[in-house]
Amino acid sequence: MMKELGRNSMEARYPIGVQSFEELRTNGYLYVDKTGYIPSLLSNKYYFMSRPRRFGKSLFLSTLESYFKGRRDLFEGLAIHEVEKEWIQYPVVHIDFNTMNATDVEELKDEIRKALFDIISQYKIEVCSYGLWSNENYPIGTLFEDVVIALHNKYGRQVVVLVDEYDKPFIEVLDNETMRDNAIAELRPFFGVLKSADKYIKFAFLTGVSRFRNTTIFSGANNLLDISMDREYGSLMGISHGEMLEYFKEGISGLSEYYGVPFDKMVETLRDRYDGYRFTRAEEWVYNPFSLLNAFKTQSLDDYWVMSGSSKILSTYLRESEFAIDELTSEWVSANQLASTYSKVNPVSLFFQTGYLTIDKVDGNLFLLKIPNEEVQGAMAQLISFPPVRYAALFRMG
């Protein structure tokens with residue numbers, strides 16, 4: 001029997017939609033500590049990581065930004081606080097493609113210029129390769145490189161580069177190959193700066209949903225280390241089962257009280273509903289953080305993740321592909337297939353990278369996929385009109 005909202009769940013501050021690490025830490029929101037990964041990341045220079053939307057990519061980049069800006073005050077009590085002794089302040093170029101709403105490639109380049117101009121204004125630097133830095137025809141690759149060099153020259157330190165949701169311009173035109181290829185060609189010089197300005201760069205981390213990094217967009221920046229399927233970083237984004245039990249006991253208790261079920265039963269229910277994402281060979285699964293936090297906040301086990309974004313591109317690709325539905329969950333695929341750019345001939349990478357399918361079993365370099373949990377299972381049922389004979393095969397949860 002359901003009861004009124006539990007007291008404990010109303011006391012906790014869940015960071016739903018909060019993507020700023022500084023805001024999260026200064027306003028008393030619950031934070032699942034991921035800073036213990038930072039020392040390991042510092043062993044390399046250039047990183048790329050693919051994760052589905054709403055899995056904490058933006059928050060982690062914001063965490064890195066605060067770390068590299070030397071904001072030790074924000075990290076008190078966290079894993080990195082005592083490990084890091086120097087807290088050196090580096091200039092940071094943080095570009096978030098998710099905030100850009102361009103409808104064509106020229107508008108997109110204008111928005112990139114604006115983001116770079118904002119950084120120029122913030123740091124009070126000057127760039128002059130093309131005369132006036134406000135020139136609207138300033139090539140984005142040249143402008144990006146000039147900003148990096150100017151920051152290095154002003155502060156005498158290498159620059160940190162953070163790029164969030166780099167692939168948004170391509171995802172939105174995924175079903176239009178001409179527009180997609182045009183966007184890739186136009187942005188190639190921008191990402192090429194990660195190689196051409198190497199001596200000025202301290203560290204770079206790029207995130208996105210897709211792994212277009214295997215295409216020519218990164219042909220000039222082939223120094224990125226893709227850790228998307230690296231077992232060491234399997235729970236860098238998302239919430240592990242241990243983290244849920246450690247950080248969200250009050251939320252679980254509130255839900256169990258509201259639904260009138262024992263604590264352990266509610267844990268099992270949450271696991272079935274929101275857990276099950278596996279991105280590496282390691283037997284390590286994570287919860288969808290967006291759905292989990294919303295469930296604790298509202299004390300309702302709804303489909304939060306699937307309601308927060310459109311799945312039209314998935315439906316379009318599946319309908320136009322040569323694959324039958326059941327093949328997506330019954331055929332073994334290679335790591336290269338999972339990492340490949342989306343193709344209508346083989347849409348499996350699209351469904352894996354967007355979070356609608358996840359790793360179930362591993363046999364050497366081969367992977368068998370499944371639907372991660374009940375929330376996604378419901379979304380898949382609505383995504384496309386399945387032929388009845390294929391329906392049961394698709395929803396084989398394993």
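Biologist: What phi does G156 take, just after α7?

Modeller: G156 takes a positive phi, about 65°. A caution on the source: this is a predicted model, where local features need pLDDT of at least 70, side-chain atom pairs count only at pLDDT 80 or more, and totals for chains, interfaces and linings use all residues. Residues are numbered from 1 along each chain as its sequence is written, and side-chain values use heavy atoms, with hydrogens and water left out.

Biologist: How do you know that the span of helix α7 agrees with its number of residues?

Modeller: Helices are DSSP runs of H or I, at least four residues, and strands are runs of E, at least two, both numbered from the N terminus. The expected span of a helix is 1.5 Å times one less than its number of residues. Helix α7 (residues 140–155) has 16 residues, so 22 Å is expected. Its end C-alpha atoms are 22 Å apart, which agrees.

Biologist: Which residues of α7 are buried, and what covers them?

Modeller: I140, G141, L143, F144, D146, V147, V148, A150 and L151 are buried. Their cover includes β2 (92–96), α6, β3 (159–164), α9 (177–196) and β4 (201–208).

Biologist: Why is K109 called buried?

Modeller: Buried means under 20% relative accessible area, exposed over 50%, and partly exposed in between (1.4 Å probe, protein chains only). K109 has a relative accessible area of 12%, so K109 counts as buried.

Biologist: What is K109 in contact with, leaving aside its neighbours within four places in sequence?

Modeller: I140 and E186. Contact here means heavy atoms within 4.5 Å.

Biologist: What makes E106 and K109 a salt bridge?

Modeller: The definition asks for a side-chain nitrogen of Lys or Arg within 4 Å of a carboxyl oxygen of Asp or Glu. For the side chains of E106 and K109, N to O is 3.2 Å. The two sit three residues apart in helix α6 (residues 105–123), about one helical turn. E106 has a relative accessible area of 42%, so E106 is partly exposed.

Biologist: How many salt bridges does a search of the whole structure find?

Modeller: The search finds 14. One of them pairs E22 with R71, at 3.5 Å from N to O. That pair links distant parts of the chain, 49 residues apart. E22 is in helix α2 (residues 21–26), and R71 is in the loop between α4 (57–68) and α5 (79–83).

Biologist: Why is R71 called partly exposed?

Modeller: R71 is at 26% relative accessibility, so it counts as partly exposed. E22, at 37%, also counts as partly exposed. R71 forms a salt bridge with D73 too, the closest N and O atoms being 3.0 Å apart.
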